[in-house]
Amino acid sequence: MHDAVAGAAGEEETDTFILWVLIWSELAAFGVLIGAFLVASIVSSEDFAVARLHLKPGIAALNTLVLLTSGWQAAVAAGKEASTATKRRASVIAALLGFVFVVIKVYEYSTELRFAGEEAFQSFFELYFLLTGFHLVHVAFVGIVLLLVAWRPRQANVELATTLWHVIDLVWIVMFPILYLV
């Protein structure tokens, strides 16, 4: 009996370690992309300022609200006292709101693509689409993970998925003002 408990504890520590390696590697990757965007925005400040005029901060603000609401549902799912039904429902809602984020972002892209081909804005839009596209892929992927977790909502799995979800939220909270408001 003692060996089974010790084995489960060791497995949980391994899962947690892998999660934190993943989180720090994701933060490093996003940090490099955000850093590149900031450096390029200093080097080409006039072009970046004009290119930003073609973005839709209102749509991005709505998307921020959608993502934060999704994060709230992920937090509900991860609650220690949450029932299995609550974990399932909140995980599904978090995932669905993540997919709403994706749909809104794709619509936003459709309004911006026509400006991406202009030579003066090329650096801005290359970095913008790379950064936001990388984030978008993460939102879609972790949304799928949340749906899988909702199917079998073991507390450890819910905590792992929702922790990753919150990191993706955090990255967007940093990206939003840098891309749209600066």
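**Exercise 1. Asn 63 and its surroundings**

Find the element in which Asn 63 lies, decide whether Asn 63 is buried or exposed, and list what Asn 63 touches.

*Solution.*
1. Start with the element: in this predicted model, Asn 63 lies in helix H3.
2. Next, take the accessibility. Asn 63 has a relative accessibility of 0%, and buried means under 20%, so Asn 63 counts as buried.
3. Finally, collect the contacts, setting aside residues up to four places away in sequence. Asn 63 touches Val 100, Phe 101, Ile 104 and Lys 105.

**Exercise 2. Following the contact to Lys 105**

Work out where Lys 105 sits, which residues Lys 105 touches, and which partner shares a salt bridge with Lys 105.

*Solution.*
1. Lys 105 is found in helix H4.
2. With a relative accessible area of 1%, Lys 105 is buried.
3. Leaving out residues up to four places away in sequence, Lys 105 touches Asn 63, Tyr 128, Thr 132, Leu 136, Trp 172 and Tyr 180. Asn 63 is the residue we began with, in helix H3.
4. Now for the charge. Side chains of opposite charge can pair when their charged atoms come close. Here the partner is Glu 108: the closest N and O atoms of this salt bridge are 2.9 Å apart.
5. Why can the two reach each other along the helix? Lys 105 and Glu 108 are 3 residues apart in helix H4, so about one helical turn separates them.
6. Glu 108 is buried, as is Lys 105.

**Exercise 3. The other salt bridge**

State how many salt bridges a search of the whole structure finds, then describe the one formed by Lys 80.

*Solution.*
1. The search of the whole structure gives 2 salt bridges.
2. Lys 80 pairs with Glu 159, and their closest N and O atoms are 2.6 Å apart.
3. This pair links distant parts of the chain, 79 residues apart: Lys 80 is in the loop between helix H3 (57-78) and helix H4 (84-116), while Glu 159 is in helix H6 (residues 155-181).
4. Check the exposure of each end. Lys 80 has a relative accessible area of 63% and is exposed. Glu 159, at 27% relative accessibility, counts as partly exposed.

**Exercise 4. Rings in pairs and in a cluster**

Count the aromatic pairs, classify the pair formed by Phe 125 and Tyr 128, and name the cluster linked by ring pairs.

*Solution.*
1. Over the whole structure, the search finds 15 aromatic pairs.
2. One of them joins Phe 125 and Tyr 128, with 6.0 Å centre to centre and 90° between the planes. Planes over 60 degrees apart count as edge-to-face, and that is the class of this pair.
3. Phe 125 and Tyr 128 are 3 residues apart in helix H5 (residues 122-151), so they are separated by about one helical turn.
4. Both Phe 125 and Tyr 128 are buried.
5. Ring pairs link these residues into a cluster: Phe 37, Phe 48, Phe 101, Tyr 109, Phe 124, Phe 125, Tyr 128, Phe 129, Trp 172, Phe 176 and Tyr 180.
6. Compare this with the contacts of Lys 105, which include Tyr 128, Trp 172 and Tyr 180.

**Exercise 5. Around Arg 152**

Locate the charged end of Arg 152 relative to a ring, and describe Asn 157, which is in contact with Arg 152.

*Solution.*
1. The charged end of Arg 152 sits over the ring of Trp 151, at 4.8 Å from the ring centre.
2. Asn 157 is found in helix H6 and, at 26% relative accessibility, counts as partly exposed.
3. Beyond its neighbours within four places in sequence, Asn 157 contacts Val 149 and Arg 152.
4. For a distance check, take Asn 157 and Leu 146: they are 11 residues apart in sequence, and their C-alpha atoms are 9.2 Å apart.

**Exercise 6. The whole chain and its surface**

Summarise the make-up of the chain, then its burial, its contacts and its surface.

*Solution.*
1. The chain has 6 helices and 0 strands.
2. Its C-alpha trace spans about 65 × 30 × 20 Å along the principal axes.
3. Of its 182 residues, 42% count as buried.
4. Among contacts between residues at least 6 apart in sequence, 79% join residues at least 24 apart.
5. About 9,700 Å² is exposed, with carbon and sulfur atoms supplying 71% of it.
6. Phe 17, Ile 18 and Val 21 make a nonpolar surface patch of about 310 Å². Val 21 is found in helix H1 (residues 2-43) and counts as partly exposed at 43% relative accessibility.

Definitions and conventions. Residues are numbered from 1 along each chain as its sequence is written. This is a predicted model: local features need pLDDT of at least 70, side-chain atom pairs count only at pLDDT 80 or more; totals for chains, interfaces and linings use all residues. Side-chain values use heavy atoms; hydrogens and water are left out. Rings of Phe, Tyr and Trp (its six-membered ring) pair if their centres lie within 6.5 Å; planes under 30 degrees apart count as stacked, over 60 as edge-to-face and the rest as tilted. Helices (H or I, at least four residues) and strands (E, at least two) are DSSP runs, numbered from the N terminus. Buried means under 20% relative accessible area, exposed over 50%, partly exposed in between (1.4 Å probe, protein chains only). A charge sits over a ring if NZ of Lys or CZ of Arg is within 6 Å of the ring centre and within 35 degrees of the ring normal. A salt bridge is a side-chain nitrogen of Lys or Arg within 4 Å of a carboxyl oxygen of Asp or Glu. Contact means heavy atoms within 4.5 Å. Accessible areas come from the Shrake-Rupley method with a 1.4 Å probe; for residues, only the protein chains shown count as cover. Patches are made of residues with over 30% relative accessible area and no salt bridge: like charges are joined within 9 Å, nonpolar side chains (Val, Leu, Ile, Met, Phe, Trp, Tyr) within 5 Å.
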